[in-house]
Amino acid sequence: CRISSLKFLNNDVLQVILRVPPNSNFKFVAGQYINLIYKGIRRSYSLANAEQLDGDLEIQVKRVNQGLMSEYLFTRARHNDLLRIEGPLGTFSYRVDDSKNVILMATGTGIAPIKAIIESLGKSLDEKIIYIVWGGRVLEDLYMDLGAAHFKHTFVPVLSKEKIEGSYFGYVQDAVLDLGLDLKETTVYACGSEVMIKDACDVLVQNGLRRKRFHSDAFVSSN
């Protein structure tokens, strides 16, 4: 693939659009990830878009202190640079079931595969009650406008280090609990750090969520 564009979404998150050859026929399911390979460096990134006619792939890269791939992408990468990708990988994706409620929850750049799922679903969820719960430390960490999703939903911004009117102060799993939903009638899709995934699963299952309806993708630091 080649780098098609680079764009800062905030000071610490870089949007990278990758262009694959027209004849590559690269197919994936929204929610999956790829391995990006550059000069022997290999890192995993969730795809942040659903399949598109132009075949472009979006990833969202968080700046990592002394991270080899992020240092290259943030400081040296240029338009048309040649890289390799491996994939698609992973089984994180939307599953059709009879739950009344759907919760799409993420922290930080864990929103990337959630964004892809949102794009892939379009208007097919009219019969579901949908919540998008996105957490960060401060408001700047919520670097995208998710209000434009093409289906009826409730967006719940969550901040753990900053109190701002209109956002929930605390952690994403607590924000989900405070929605007051019947978790037996709920399916959760969660993406973020290993700690968040474990804590959210434990708390929500203890409060009635069926474990088999907690679908997750944990981001593991390469350091």
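## Salt bridges, cores and a hairpin

In helix α4 (residues 194–206), the side chains of K198 and D202 meet in a salt bridge, with 2.8 Å from N to O. Please keep in mind that this is a predicted model. The structure holds 10 salt bridges, and a few of them are picked out below, followed by the nonpolar cores, helix α2 and a strand pair.

**Salt bridges**

- K198 and D202 sit four residues apart in α4, about one turn of the helix.
- With 53% relative accessibility, K198 is above the 50% cut-off and therefore counts as exposed.
- D202, at 26% relative accessibility, counts as partly exposed.
- Elsewhere, D97, D98, K128 and R213 are joined into one network by salt bridges that share partners.
- R76 and E71 also bring their side chains together in a salt bridge, at 2.4 Å from N to O.
- Both ends of that pair are partly exposed: R76 has a relative accessible area of 43%, and E71 has one of 38%.
- Another salt bridge joins the side chains of D12 and R63, at 3.9 Å from N to O.
- This pair links distant parts of the chain, with the two positions 51 residues apart: D12 belongs to the loop between β1 (2–10) and β2 (13–19), and R63 to the loop between β5 and α1 (68–75).
- D12 counts as partly exposed at 28% relative accessibility, and R63 is partly exposed too, with a relative accessible area of 40%.
- As general background, side chains of opposite charge can pair when their charged atoms come close.

**Nonpolar cores**

- The largest nonpolar core has 25 residues, and those with the most contacts inside it are L104, I111, I114, I117, W134, Y143 and Y189.
- Two or more residues of this core come from each of β7 (101–107), α2 (111–121), β8 (129–136) and β11 (186–193).
- Helix α2 gives the largest share of this core, six residues.
- Apart from this core lies another one of 23 residues, among them V20, F28, Y45 and L47.
- Y189 is a good residue to click on: beyond its neighbours within four places in sequence, Y189 is in contact with F92, S93, Y94, R95, V102, I103, L104, M105, I114 and H215.
- In soluble globular proteins, nonpolar side chains tend to be buried together.

**Helix α2**

- Nine of the 11 residues of α2 are buried, so the helix is largely enclosed by the rest of the structure.
- The buried residues are I111, A112, P113, I114, K115, A116, I117, I118 and L121, a list that includes a lysine.
- Among the elements covering these buried residues are the strands β4 (41–46), β5 (57–62), β7, β8, β11 and β12 (214–219).

**The β3–β4 hairpin**

- Strand β3 (residues 33–38) pairs with β4 in the antiparallel sense, over six bridges.
- Within this pairing, N35 stands opposite S44 of β4.
- Two residues lie between β3 and β4 in the hairpin they form, and K39 in the turn has a positive phi of about 50 degrees.
- Strand β4 turns up in two places here: β4 pairs with β3, and β4 also helps to cover the buried residues of α2.

Conventions:
Residues are numbered from 1 along each chain as its sequence is written. This is a predicted model: local features need pLDDT of at least 70, side-chain atom pairs count only at pLDDT 80 or more; totals for chains, interfaces and linings use all residues. Side-chain values use heavy atoms; hydrogens and water are left out. A nonpolar core is a set of buried Ala, Val, Leu, Ile, Met, Phe, Trp, Tyr and Cys residues joined through side-chain atoms within 4.5 Å. Buried means under 20% relative accessible area, exposed over 50%, partly exposed in between (1.4 Å probe, protein chains only). Contact means heavy atoms within 4.5 Å. A salt bridge is a side-chain nitrogen of Lys or Arg within 4 Å of a carboxyl oxygen of Asp or Glu. Two strands pair if DSSP finds at least two bridges between them.
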